[in-house]
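The report that follows looks at how some helices and strands of one chain are arranged, and at a few backbone angles.

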Amino acid sequence: MSWGENMEEISGIVVEHVYKSFGKEQILSDVSFTVPAGRIFGIVGNNGSGKTVLMKCICGFLRPDSGMIRVNGCLVGKECDFPEDLGVIIETPGFLPNISGYKNLKILASLKGIADRDEIRKTMLRVGLDPDMKKPVGKYSLGMRQRLGIAQAIMENPKVLILDEPFNGLDKMGVTQMRELLKELKCQGKAMILASHNAQDIEVLCDDVHDMEDEWK
């Protein structure tokens with residue numbers, strides 16, 4: 001799909017004919033898709049099928065062997081190393097274990113200066129965390145860490161979200177809450193890629209679904 005001359009003004013993701021291998025093992029083979037603003041694109045597949053590798057390529061953490069990836073009109077790896085306006089959860093979110101969740105987010109927010117104190121507090125409340133809680137992140141449950149990871153991904157109001165198993169460790173109520181949050185973000189015009197082992201997550205949230213193994217390998 002071509003975005004035309006005004007590509008730089010359009011929010012979303014374009015992946016065209018992407019290949020990636022490690023040694024003799026082909027992980028991604030001719031991957032192509034488009035995720036426009038206000039859509040959630042679901043990726044399914046067994047462990048080792050390349051879901052996380054694909055997401056890392058989109059974020060600029062890995063370079064494809066060939067092909068093109070654009071995020072918000074920026075050619076990843078050429079025009080930008082890490083796309084602007086991108087929120088990410090890939091694998092287990094990493095935080096400083098000896099300080100609170102709020103202090104962790106404050107440190108991360110200081111890198112770009114986009115999210116201020118009020119925005120951090122509001123985002124923590126939005127994902128079901130108390131910004132005044134002094135408990136260090138090292139003593140958080142897995143579900144609490146996952147909520148903090150989601151808060152980190154959305155606190156700067158990015159146009160694009162890359163979410164690799166964002167519901168890991170959440171109880172039933174937490175999953176329901178986070179699904180509703182993603183629906184809200186979709187209505188706000190976010191373009192999202194979601195990988196989940198839970199078929200219901202994909203069914204409930206995604207506009208388009210692709211199986212890594214069936215369609216791209």
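In this predicted model, the axes of H4 and helix H5 (residues 172–187) come within 12 Å and cross at roughly 10 degrees; since angles under 35 degrees count as roughly parallel, H4 and H5 are therefore roughly parallel to each other. On the H4 side the contact is made by Arg147, Ile150 and Ile154, and on the H5 side by Gly174, Gln177, Met178, Leu181 and Leu185. By character, the residues of the contact of H4 with H5 comprise five nonpolar, two polar and one charged.

Helix H4 (142–154) also belongs, together with helix H3 (117–126), to what covers the buried residues of H2. In helix H2 (residues 101–112) these buried residues are Gly101, Tyr102, Asn104, Leu105 and Ala109. They lie on the same side of H2 because they cover an arc of only 155 degrees around the axis, whereas Ser110 and Leu111, on the other side of H2, are exposed. After H2 comes glycine 113, with a positive phi near 70 degrees.

A positive phi is also found in two residues other than glycine, which are set out below with their locations and accessibilities.

| Residue | Phi | Location | Relative accessible area |
|---|---|---|---|
| Histidine 17 | about 50 degrees | strand S1 (residues 12–22) | 48%, partly exposed |
| Glutamate 165 | near 50 degrees | loop between strand S7 (160–164) and H5 | 10%, buried |

Turning to the strands, an open sheet of five strands follows the order S6-S7-S8-S3-S9, with parallel pairing. Strand S6 (86–89) and strand S9 (208–211) stand at the edges, and each has a single partner strand, so one side of each is left without a neighbour in the sheet. From one strand to the next, the twist averages 15 degrees.

The partnership of strand S3 (residues 39–44) with S9 is parallel and extends over four bridges, and within this pair glycine 42 has valine 209 of S9 as its bridge partner. Helix H1 (residues 51–59) packs on the sheet, where it touches S3, S6, S7 and strand S8 (191–195), and the direction of H1 makes about 155 degrees with that of S7.

Key
Residues numbered from 1 in each chain as written. Predicted model: local features only at pLDDT ≥ 70, side-chain atom pairs only at ≥ 80, totals over all residues. Heavy atoms only, no water. Buried < 20%, exposed > 50% of the residue type's maximum accessible area, 1.4 Å probe, protein only. Helix = DSSP H or I, 4+ residues; strand = E, 2+ residues; numbered from the N terminus. Arc of directions from axis to C-beta. Contact = heavy atoms within 4.5 Å. Axes fitted to C-alpha atoms, helices over the stretch in contact; angles between N-to-C directions. Parallel < 35°, antiparallel > 145°, perpendicular 65-115°, else oblique. Nonpolar A, V, L, I, M, F, W, Y, C, P; charged D, E, K, R; others polar. Pairing = 2+ DSSP bridges.
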